[in-house]
Amino acid sequence: MNESSLKKRLAKLNLGGLRYFESLGSTNDEALAWAARGADDFSLVVADEQTQGRGRLDRKWFTPKGSAIAMSLILRPTAVMRSHLSRTVGLAALSLADACLKLGLSPKIKWPNDILLDSKKTAGILVEMVWAGEDADSLVIGMGINVHKSAVPPRETLQFPATSLEDMLGNAPKREDIIFQILSNVQRWREQIGTERFIQAWEEKLAFRGEAIQIHAGGAESHQGILDGLESDGSLRICDEHNKSVIVRFGDVSLRPTA
Ligand code: BT5
């Protein structure tokens, strides 16, 4: 992938703008700064390598050169999107999952922000916002996807096992094609973000549904129960040992099967 092959592949998508970097700290940082300076809706930052890639809570995200997709999409929220800001991570997760489905794979969404293939993390999502007073001025959707095997960090550095599209498919698809697919999916799902169907589609793809799970919500707080589904705002609903519904809205949530 290079700037011109990417531009050519994405030509039909009507991007607001495209910034491509051989190497960059973090595409989210670049996109946040661009958004604050007035980037158009559906502008995209792509980097072939990230040196300061970020996960949630300032965790590191690895993007070695020539091996992965690191991109950040800037969206100017419509009125409907503004009323459903907490669904933005679902918009990204559904778009990534559908791109994997199109490759013949069976993706699952590990709530809130991971895409699993064969129960291993293949992609992560980091949604950040630029605020104008109390309004969301723009959304930045960061996505990191392991395409080649060489994108997968060493096992001992990870909290959760990881894999790549190449590991799953036996060959690595072209990164330009995957980016095109994901962005087309964002255009489609974005139109449906306010609907019940959107939540259903997101819920249907959840990993560990109906299974016993545990959630670490940061600090000493943790929950255990059966993963039930999603609330309308994208919060996770579990059923605890007393058969009571518990809603998990924020914090550092990770899911693991207990068995
Ligand atoms: C995430 O955070 O999964 C969000 C990752 C978002 C990355 C994209 S890349 C483009 C854009 N620019 C950025 O700077 N970020 C976004 P979290 O759920 O907190 O998971 C982070 C954890 O995933 C780390 O602590 C590692 O254990 C693990 N990890 C790091 N790199 C990985 C990789 N390439 N594949 C699988 N797991 C990884």
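**Asking how we know: a ligand and its protein**

Trainee: How do you know that the side chain of Asn113 makes a polar contact with the ligand?

Mentor: An oxygen atom of the ligand is 3.2 Å from an N or O atom in the Asn113 side chain. A polar contact is a pair of N or O atoms within 3.5 Å, so this pair qualifies. Do keep in mind that this is a predicted model, where local features need pLDDT of at least 70, side-chain atom pairs count only at pLDDT 80 or more, and totals for chains, interfaces and linings use all residues. Residues are numbered from 1 along each chain as its sequence is written, and side-chain values use heavy atoms, without hydrogens and water.

Trainee: What makes Lys121 and Asn146 polar contacts of the ligand as well?

Mentor: The same test works for both. The Lys121 side chain has an N or O atom 2.8 Å from a ligand oxygen, and a polar side-chain atom of Asn146 is 2.9 Å from a ligand nitrogen. Both distances are within the cut-off, so both pairs count.

Trainee: How much of the ligand does the protein bury?

Mentor: Alone, the ligand exposes 800 Å² (Shrake-Rupley method, 1.4 Å probe), and the protein buries 96% of that. Elements giving two or more residues to the surrounding shell are helix H2 (27-36) and strands S3 (68-75), S6 (120-132) and S7 (135-146); helices are DSSP runs of H or I with at least four residues, strands runs of E with at least two.

Trainee: Which residues are closest to the ligand, and how many surround it?

Mentor: There are 29 residues around the ligand, the closest being Ser26, Arg54, Arg56, Arg59 and Lys121. A residue is near if one of its heavy atoms lies within 4 Å. By class, the shell holds ten nonpolar, 13 polar and six charged residues, with Gly counted as polar.

Trainee: Why does the radius of gyration of the protein agree with a compact globule?

Mentor: The rule is 2.2 Å times the number of residues to the power 0.38, with the radius taken over C-alpha atoms. For 259 residues a compact globule would be near 18 Å, and the protein has 18 Å, so the two agree.

Trainee: What share of the residues in the protein is called buried?

Mentor: Of the 259 residues, 51% count as buried, that is, under 20% relative accessible area with a 1.4 Å probe and protein chains only.

Trainee: Which residues does Cys239 touch?

Mentor: Leaving out residues up to four places away in sequence, Cys239 touches Gly225, Ile226, Asp228 and Lys244, contact meaning heavy atoms within 4.5 Å. Cys239 sits in strand S10 (residues 236-239).

Terms used: Polar contact = N/O pair within 3.5 Å; in protein donor to acceptor, adjacent residues only side chain to side chain. Buried < 20%, exposed > 50% of the residue type's maximum accessible area, 1.4 Å probe, protein only.
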